[in-house]
Amino acid sequence: MKPYKILLALLSLILLPSIVGCGNEGCQETISVNARCSFYKKSNNKSFSFDSITVYGVGAPDDSLLYNRSTSQSYVKLPLKKFTEESSYVFHFQGAESEIIDKKDTVTFYYKNQSYFISEDCGTVVHHLVDSVIYTRHYIDSLIIAKQSIINLDEENLLLLF
Amino acid sequence: MKKIFYYSFSLILLLLSSTIEAQSYSSAQRSRSAEEAQQRREAEKKAAEKAQKKLRRDSIPLFGGITLGTDLIAPGSYLLKREKLSFQVSAEVNLKNRYYPIVELGTSRMNLTSEDDYNFKSKNAFYSRVGLNYAFQQRPDFYFYGGIRYGFSHVSYDILGIPIVGDYWGESQRVDILDQKSFSQWASIVAGIKVKIYKGFSMGWNVRYNFLISSTKNANSNTWFIPGYGMNQAGSSSSTAVEYNIYYQLPFRGKK
């Protein structure tokens, strides 16, 4: 066997680990799954923002708030429970269009869960398919389910009309 | 008398200059003809070389034999890291020591544990790749080559014990995603080297860059592993691979 052949064989073995090690590019996808609820005026079907709004999940540990007197909020993103098929949220409307209000509504989602493995880097997300949504009508007039499937994309799922 | 002297002198000068001119003309002509002869010789040499090359090419049989090969990296890496068990054989036909149509068939299964301690388990799956190598040197005992491939495979797999955490609601569970199936196809570009080592035996390595053409998605997952292609990373539709092959040339060849 000629020396250059031995050299090539050795070189190839040295090069292997560096080439095999390539290719891990990390997670490049959105992995949060939230129900996006947007606020609309029923009179003109236009989006509007609350001056002050507080939102929390019913039964969440330590009554933790998702939004606490948030301002200029034209939508909220709600994380649904991943292992039960019902999630309720309290909306406390505290100010809209420069008026002070103090009204609360509860919105409850009923849905099915479906785990979806994206990749090792991104992990697994849980998608939801909404069956129905019930709500109180202290300040909310009505609602529309815009998109039943709640997945790891920032899409409008629920329209709350006031 | 004076006039006669002038005329004679002018005549001599004239004759002298014409002789010099004639001499320089003939030397230029000589050098030109030498140049032309040189060019002619070079052209003839080139033509002879070309003819010789053509003769050599023509003397190479169209069918230069069949070579069988197997990749050593995949089984070797299983001994080091017991995750992926693969076995691959290839058969290539030598056409004119230049073109090598090739078929690669393999089987592969994966049992991978992630950093989060869940398992990706695929059943034994077959894959196929077909393509062509082009040898940059027309000699079968040692050549560099470039090539293209088309590959496809079908895999069945389970993902077991995936941790899912819901931060806001304080949830934490492990789930299984079972009975997943995926069909994938891809194209590759290949660059490699092949060296004859002893009698009918050769060895060589190649690197490949794979482009995923399509991979069917399930309702519950993307496949993490595609047999014959490699790991399927989210957001990436390419992979790289290296092979180290041992070849054996079957003992029959075409006639010259």
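Select Phe183(B) to begin: the residue is partly exposed, with a relative accessible area of 34%. (Buried means under 20% relative accessible area, exposed over 50%, and partly exposed in between, with a 1.4 Å probe and protein chains only.) Phe183(B) is found in strand 7 of chain B, residues 171-198. Strands are DSSP runs of E with at least two residues, numbered from the N terminus.

This is a predicted model, in which local features need pLDDT of at least 70 and side-chain atom pairs count only at pLDDT 80 or more, while totals for chains, interfaces and linings use all residues. Residues are numbered from 1 along each chain as its sequence is written, chains are lettered from A in the order in which they are written, and side-chain values use heavy atoms, without hydrogens and water.

**The patch on chain B**

Keep Phe183(B) selected and add Phe87(B), Val89(B), Val103(B), Leu105(B), Val130(B), Tyr150(B), Phe152(B) and Ile213(B); together they make a nonpolar surface patch of about 750 Å². Such a patch is made of residues with over 30% relative accessible area and no salt bridge, its nonpolar side chains (Val, Leu, Ile, Met, Phe, Trp, Tyr) being joined within 5 Å. Accessible areas come from the Shrake-Rupley method with a 1.4 Å probe, and for residues only the protein chains shown count as cover. Strand 2 (84-95), strand 3 (99-113) and strand 6 (142-166) of chain B each supply at least two residues of the patch.

**Charged pairs in chain B**

Next, select Lys194(B) and Glu92(B), which form a salt bridge with the closest N and O atoms 2.6 Å apart. The term means a side-chain nitrogen of Lys or Arg within 4 Å of a carboxyl oxygen of Asp or Glu. Lys194(B) is in strand 7 and Glu92(B) in strand 2 of chain B, 102 residues apart. Are these two buried or exposed? Lys194(B) is buried at 6% relative accessible area, and Glu92(B) is buried at 3%.

Move to Arg129(B) and Glu104(B), whose side chains meet in a salt bridge (2.8 Å, N to O). Arg129(B) lies in strand 5 (residues 125-135) and Glu104(B) in strand 3 of chain B, so the pair ties together parts 25 residues apart in sequence. Add Arg149(B), Arg208(B) and Glu243(B) to see the network of salt bridges that links them with Glu104(B) and Arg129(B).

**Chain A**

Select Asp141(A) and Lys42(A), another salt bridge (3.2 Å, N to O). Asp141(A) lies in the loop between strand 7 and strand 8 (142-145) of chain A and Lys42(A) in the loop between strand 1 and strand 2, so the pair ties together parts that are 99 residues apart.

Now show Phe39(A), Phe50(A), Leu78(A), Phe91(A), Phe109(A) and Leu160(A), which touch the most other members of the 36-residue largest nonpolar core. A nonpolar core is a set of buried Ala, Val, Leu, Ile, Met, Phe, Trp, Tyr and Cys residues joined through side-chain atoms within 4.5 Å. Strand 6 of chain A gives the most to this core, with six residues.

**Between the chains**

Finally, display the contact (heavy atoms within 4.5 Å), which takes 45 residues from chain A and 39 residues from chain B. The two chains bury about 3,400 Å² between them, 64% of it on carbon and sulfur atoms; buried area is the accessible area (1.4 Å probe) that two parts lose on being put together, summed over both. In chain A, select Phe83(A), Phe117(A) and Glu120(A), which lose the most area to chain B. The rule finds zero salt bridges across this interface.

Notes: Patch = residues over 30% accessible without salt bridge, like charges linked within 9 Å, V, L, I, M, F, W, Y side chains within 5 Å. Helix = DSSP H or I, 4+ residues; strand = E, 2+ residues; numbered from the N terminus.
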